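Here are my notes on this model. Please read them with the structure open.

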Amino acid sequence: SILRETFDNAPPGVKGIFERLEKEYSLPGRPFGFVALPGIGTFEAYVGYGLSSGASADGRRSGQPIGSDLSPAPVPQDLPANPDSCNIYEALKCWDMDVINIDLSCGSEVDLMIREDFPLDHLTEFLRKYADLDSDCPIGSNVITFTCANPETLEKASQKSDPYELVRVRTGGWSEHFIVLFPVHQGQYRRRMYVHP
């Protein structure tokens, strides 16, 4: 990838900086290195970052929004908003790694979408397991945000705002009223993956 190539075959001036940092900050048994995760800390910039990015292996088209923060890429904007759904525990297994849970402890949020009928007892159980680091059910990431809205609700809100003025969505650590988002942002939300119990 371009990112890996930048570190492995850095220009001489940059390579010297990398080598100096590695020498200065490496510890015995723990060499200094970089962790670069596309998507972390995108906040509302997931649209702008995608504009200048080529297509990616996850199915995102060239110039379309990237996934927000460390979230899965949304369904491409030129396809109908028909987001996939997967089990909430399975969805977070791939985030259960020290490089995310510990090394990126300043926040490596995963923005999750749940339907309005997501059972409260299942959500409560999930959050308890998520908070229990010694759980027998490892759950990755160290920040999780939830938006609770059905795809149909977001579709209707994108067409007729008045009845849906109180619908709020999570945007990289804060909430925003869905109806005030620009259409391309609304489209990205409407295409995010949902999780189920």
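1. Start with the order of elements. Along the sequence, the protein runs α-α-α-β-α-α-β-α-β-α-β-β-α-β. That amounts to eight helices and six strands. Keep in mind that this is a predicted model.

2. Next, burial and surface. The protein has 197 residues, and 37% of them are buried. Its accessible surface is about 11600 Å². Carbon and sulfur atoms account for 56% of that surface.

3. Then the contacts along the chain. Take the contacts between residues at least 6 apart in sequence. Of these, 63% link residues at least 24 apart.

4. One helix pair deserves a look: α7, residues 151-159, and α8, residues 183-190. Their axes come within 10 Å of each other. The crossing angle is roughly 170 degrees. Angles over 145 degrees count as roughly antiparallel, so α7 and α8 are roughly antiparallel to each other. The crossing of α7 past α8 is left-handed.

5. Which residues make the contact between α7 and α8? From α7 come Leu154, Glu155 and Ser158. From α8 come Gln186, Tyr189 and Arg190. By class, the contact residues split into two nonpolar, two polar and two charged. Leu154 and Tyr189 are the nonpolar pair. Ser158 and Gln186 are polar, while Glu155 and Arg190 are charged.

Technical notes: Residues numbered from 1 in each chain as written. Predicted model: local features only at pLDDT ≥ 70, side-chain atom pairs only at ≥ 80, totals over all residues. Heavy atoms only, no water. Axes fitted to C-alpha atoms, helices over the stretch in contact; angles between N-to-C directions. Helix = DSSP H or I, 4+ residues; strand = E, 2+ residues; numbered from the N terminus. Parallel < 35°, antiparallel > 145°, perpendicular 65-115°, else oblique. Left-handed = near helix turned anticlockwise from the far one by under 90°. Contact = heavy atoms within 4.5 Å. Buried < 20%, exposed > 50% of the residue type's maximum accessible area, 1.4 Å probe, protein only. Areas by Shrake-Rupley, 256 points an atom, 1.4 Å probe, with all protein chains shown as cover.
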